[in-house]
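Colleague: I would like a close look at a single part of this model. Please take the sheet and the core packed around it, and go through them step by step.

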Amino acid sequence: MIGNTWDELLKEEYKKEYFLNLMNFIKEEYKTKKIYPKQNEVFNAFRYTDYNDVKVVIIGQDPYHGPNQAEGLAFSVSNEVSKPPSLKNIFKELENDLGIPFPELNSLKPWTKEGVLLLNTVLTVQEHNPTSHKDKGWEKFTDNIIKIINNKSTPVVFILWGNYARSKKKLITNPIHYIIESAHPSPFSAYNGFFGSKPFSKTNNFLKSKSLKEINWQIEKKEPK
């Protein structure tokens, strides 16, 4: 289904009744409604970041629900649309934290190549209807993803922005991991503890302390025409 190590780790999950029911529900939704992301992009987070490469997990809630925004990665949107407010604030904090200039591009795909799993806890949404696929089974699936990563023998940084992501803290019990938590980057809460939280430098400082390669948080500028 995914095409890398995740498939072996999830092979029993794929057979469970809740997951089969979820896949049937999603299949019907795509047939009858406008659902995001595209059907072939639902599992992009895992496709782009193999289990063995995971060094950082950033937890989001559900995909953006506007046209052509969602691309299967938490907080990331297609380069063809304008930046949503939360992503703008993430880039502002990145600039303030590490001095990386505010990117022209939107997509966070470069981070996935660095070992950053951009994990929404719900992987699909109906157009213009946020949280419409909540409580359909995705949370059970992604909670199990977090548990699998929690069992890794190498240290992982979990970045929890906002109360919803922080509710997943109870699943991260392995003391070798590092949890960074703050307010959500949304304009409604960014000034209540997201700005100035320095998650990017904290992540790299931790990885460095464990003799692991730091994340290159740079989002490349557009190629000249």
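Modeller: What follows goes from the sheet to one of its edge strands, then to the core and one buried polar residue. Keep in mind that the model is predicted.

Start with the sheet. Four strands make it up, and it is open. Their order is 3-2-5-6, with parallel pairing. Strand 3 and strand 6 (178-182) sit at the edges with a single partner strand each, so one side of each has no neighbour in the sheet. On average, neighbouring strands are turned by 20° against each other, direction ignored.

Helix 7 packs on this sheet. It touches strand 2, strand 3 and strand 5. The direction of helix 7 makes about 155° with that of strand 3.

Now the edge at strand 3. Strand 2 and strand 3 run parallel and are joined by five bridges. Two residue pairs help to place them. I58 stands opposite L118 of strand 3. I59 has L119 as its bridge partner in strand 3.

Is strand 3, an edge strand, mostly covered or mostly open? It is mostly covered: five of its five residues are buried. V116, L118 and N120 point one way from the strand. L117 and L119 point the other way. Both groups are buried.

Next, the core. The largest nonpolar core holds 64 residues. Those with the most contacts inside it are W6, F46, I58, W111, L117, F141 and W217. Several elements each supply at least two of its residues, among them strand 2 (56-60), strand 3 (116-120), strand 5 (157-161) and helix 7 (138-150). Helix 3 (17-32), helix 4 (44-48), helix 5 (85-98) and helix 9 (199-209) also do so. Helix 7 gives the largest share, six residues. In general, nonpolar side chains of soluble globular proteins tend to be buried together.

F46 shows how these parts meet. Leaving out residues up to four places away in sequence, F46 touches I2, N4, W6, L117, L119, L123, F141 and I145. Among these, L117 and L119 point the same way from strand 3. W6, L117 and F141 are, like F46, among the residues with the most contacts inside the core.

Finally, N44. This residue is found in helix 4. Its relative accessible area is 3%. The cut-off for buried is under 20%, so N44 counts as buried. N44 touches E71, G72 and L73, again not counting residues up to four places away in sequence.

Note on methods:
Residues are numbered from 1 along each chain as its sequence is written. This is a predicted model: local features need pLDDT of at least 70, side-chain atom pairs count only at pLDDT 80 or more; totals for chains, interfaces and linings use all residues. Side-chain values use heavy atoms; hydrogens and water are left out. A nonpolar core is a set of buried Ala, Val, Leu, Ile, Met, Phe, Trp, Tyr and Cys residues joined through side-chain atoms within 4.5 Å. Buried means under 20% relative accessible area, exposed over 50%, partly exposed in between (1.4 Å probe, protein chains only). Contact means heavy atoms within 4.5 Å. Two strands pair if DSSP finds at least two bridges between them. Axes are lines fitted to C-alpha atoms, for helices over the stretch in contact, and angles run from 0 to 180 degrees between N-to-C directions.
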